[in-house]
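Me: I have a structure open on my screen and would like to talk through its inside and its charged pairs. Could you take my questions one at a time?

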Amino acid sequence: MTRSHKTALTVFTVALVVYLLSMSNIFNGDGLGYARLVETADFDRLCSVSARLLFCPSGKVLHEVAHFIGFPIRSVRSLQALNAIFGAAGVAIFFLAAHLISRSRWMSLVAAIGFGGSLAYWFWSTNATSYPGNICFLVLTLYLLLKLAQARSHDGIAGSAVWIGVAHAFAGFYWLTAILLVPAVTISILIVSDRAEFWLRAKAAAVYILSFGTCLFVPLFAAGLITGRVSGLSDFPAWLTAASYGIPPDLSLLNFSRGVIGFSSSVFRLVDLGPLVKSTVWGVPFVEQSRSGIYAELGVFAALWATISLMSVSFAICRKRIMREHPRQVTILLLWAAIPTIFGLVWLGSDTERWLAVLPAMWLLMVVVTDVNGKRFPSTSRWVRTLFIVFALVTVSYNAAFSVLPDEDIDNNEYLKAARILDLRMSENDLVLLWGHDHEFTGEHLAYFHGKRASHVAQVLRETGKQTFNVLQSSIDEVRSHGGRIFLMGRLFVDGGPGKSEIESINVDVSREQFQDFFSRGTRRVAFSLGNDSFWELIGEP
């Protein structure tokens with residue numbers, strides 16, 4: 001074991017301890033859904049999520065192991081522990097990738113600290129959904145590409161391509177958007193060396209595509225057949241894309257601004273800045289409570305883009321030496337970042353997980369600039385190195401103070417607070433229908449922690465489209481057949497209130513007024529209140 005591998009093992013151990021000790025109590029709604037599958041589902045349902053095929057089975061294995069050795073934890077904690085392991089492994093592999101470029105352990109450690117402490121990476125590594133497994137194997141894929149580009153001999157390039165394809169396929173098992181990076185990986189293999197003849201590189205690229213496709217799609221198709229989700233090849237594409245919600249790309253300036261804020265939020269916690277920008281530039285109403293901490297967020301936002309700008313200027317100044325010393329590594333990193341960046345700017349770019357794949361490329365490009373600047377301009381290298389170190393430390397410390405530590409406090413979980421109140425008002429046969437973005441995950445918390453039924457109206461619309469009213473009616477009829485009551489969040493009937501944008505953002509020709517008409521067919525009475533919201537019991541139709 002080399003010295004760098006020993007250091008990587010230390011990085012893994014430290015990162016694992018940090019992630020395990022900073023597990024979030026602000027749970028993602030999808031993660032709670034997966035946790036329910038791990039606790040209650042049979043094999044078929046565990047393998048029914050095509051976009052994350054191995055996540056629930058992996059969590060199930062860890063969950064059973066934990067119980068077997070005497071740790072009777074709930075499944076959400078098992079999934080968080082799994083993600084902590086993946087997150088720590090990703091940071092360790094990233095360290096090795098940085099060390100390939102800089103050959104400096106200390107600069108590689110600084111880069112690993114910054115990468116592992118970036119908001120999106122740290123947050124998801126302590127939560128309960130599948131992104132850490134995806135990014136761990138993507139970082140492994142990128143490391144293998146960079147290692148291949150640096151190899152002195154490319155006689156075994158086809159064999160290396162096989163392992164690159166396998167690593168990339170496993171990333172797809174934890175989030176299928178890994179497919180987006182296939183063009184970048186293919187081109188990277190084609191340009192990886194001029195010492196190998198082009199036909200050998202073309203052969204290696206074909207081997208990679210075959211390895212990736214076989215390792216990913218054959219198990220996916222088999223899982224679809226075994227679980228009954230597909231009956232043949234004609235059903236396969238629809239099953240693979242079932243989680244996409246059918247939302248088309250958005251090329252508007254508003255969506256572009258969301259992407260910029262989303263990327264920035266993947267590095268620093270910026271929950272208040274987005275609403276302020278949308279209010280200032282686009283006239284979107286600004287929620288008054290979002291004003292707290294806005295100056296700190298403006299500060300780190302400015303620091304992020306100032307650092308990126310200074311690093312870009314330094315890259316431009318040193319570009320000849322950079323392209324002489326790291327030509328293929330830099331090209332690989334730029335190719336790697338390009339497609340996820342375009343994807344994030346036009347499709348749901350405000351979600352931080354869309355930018356996870358960009359983060360390793362960004363931090364590694366900073367390593368390149370810092371490394372080459374020290375050789376090209378020794379007199380100024382100290383300032384560039386200091387900027388890099390300070391930026392990494394600010395990233396970690398800011399996110400720890402303003403995101404990680406607050407998220408550990410379960411009293412900050414507003415979804416869980418609302419679920420506790422609803423639980424006291426409901427019997428086991430009741431159903432509550434929610435409305436509004438601030439209750440996006442209340443239903444999942446109510447179901448997982450209290451075993452009560454809930455549906456978010458906008459989520460039903462997103463998943464079922466024009467069949468929404470049939471699905472809602474079926475759920476209502478089922479609940480009433482078992483003697484249960486139906487509670488509806490009265491905010492639905494407040495014209496112009498929160499939640500209107502939820503319907504407008506879904507690409508289905510169903511309006512808020514149609515929901516109002518649907519729920520107005522019967523009589524209703526105020527049953528109880530939750531904060532400023534009234535919940536009505538529906539009596540009679542629908």
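Reply: Happy to help; what follows is a set of questions and answers on this model, which is a predicted one.

Me: Which helix gives the most residues to the largest nonpolar core?

Reply: Nonpolar side chains tend to be buried together in soluble globular proteins. Here the largest nonpolar core has 127 residues, and F94, L146 and W336 are among those with the most contacts inside it. The helix that gives the most to this core, with 16 residues, is α5 (residues 75–102).

Me: What does F94 touch, leaving out residues up to four places away in sequence?

Reply: F94 is a good place to zoom in, as it is one of the residues with the most contacts inside the largest nonpolar core. Leaving out residues up to four places away in sequence, F94 touches A111, A112, F115, V139, P360, W363 and L364.

Me: How many residues does the other core have?

Reply: This core lies apart from the largest one. Among its members are I476, F493, V510 and F519. Its count is 32 residues.

Me: Is S314 buried or exposed?

Reply: S314 lies in helix α15 (residues 294–317). Beyond its neighbours within four places in sequence, S314 is in contact with V369 and N373. Its relative accessible area is 8%, and the cut-off for buried is under 20%. So S314 is buried.

Me: What is the volume of the largest cavity?

Reply: The structure holds two cavities of 30 Å³ or more. For the largest, the volume is about 110 Å³.

Me: Which elements give two or more residues to the lining of that largest cavity?

Reply: There are 13 lining residues, and the closest to the cavity's centre are W175, T177, P340, R354 and A357. By class, the lining of the largest cavity has nine nonpolar, two polar and two charged residues. The elements that give two or more residues to it are α8 (131–150) and α17 (327–346).

Me: Which element gives the most to the lining of the second largest cavity?

Reply: That cavity has a volume of about 40 Å³, and S24, L119, F123, T126, S403, V404 and D407 line it. Two elements give two or more residues to this lining, α7 (119–125) and α19 (378–408). The one that gives the most, with three residues, is α19.

Me: How many residues apart in sequence are the parts that R74 and E39 tie together?

Reply: Side chains of opposite charge can pair when their charged atoms come close. R74 forms a salt bridge with E39, and their closest N and O atoms are 2.9 Å apart. R74 lies in the loop between α4 (55–68) and α5, while E39 lies in helix α2 (residues 29–40), so the parts they tie together are 35 residues apart in sequence.

Me: Which helix holds both R321 and E325?

Reply: The side chains of R321 and E325 meet in a salt bridge, at 2.5 Å from N to O. R321 is partly exposed at 23% relative accessibility, and E325 is partly exposed at 29%. The two are four residues apart, about one turn of the helix, and that helix is α16 (residues 319–325).

Me: Where does R453, the partner of E478, lie?

Reply: E478 and R453 meet through their side chains in a salt bridge, at 3.8 Å from N to O. E478 lies in helix α23 (residues 468–481), and the pair ties together parts 25 residues apart in sequence, because R453 lies in strand β2 (residues 453–456).

Technical notes:
Residues are numbered from 1 along each chain as its sequence is written. This is a predicted model: local features need pLDDT of at least 70, side-chain atom pairs count only at pLDDT 80 or more; totals for chains, interfaces and linings use all residues. Side-chain values use heavy atoms; hydrogens and water are left out. On a 1 Å grid over the protein atoms alone, a cavity is a set of points where a 1.4 Å probe fits but cannot get out, and a pocket is an open set with protein on both sides within 12 Å along at least five of seven lines; lining residues have an atom within 4 Å of a point. Grid points are joined across faces, edges and corners, and a volume is the space filled by probe spheres set on the points. Ala, Val, Leu, Ile, Met, Phe, Trp, Tyr, Cys and Pro count as nonpolar, Asp, Glu, Lys and Arg as charged, and the others, Gly among them, as polar. A nonpolar core is a set of buried Ala, Val, Leu, Ile, Met, Phe, Trp, Tyr and Cys residues joined through side-chain atoms within 4.5 Å. Buried means under 20% relative accessible area, exposed over 50%, partly exposed in between (1.4 Å probe, protein chains only). Contact means heavy atoms within 4.5 Å. A salt bridge is a side-chain nitrogen of Lys or Arg within 4 Å of a carboxyl oxygen of Asp or Glu.
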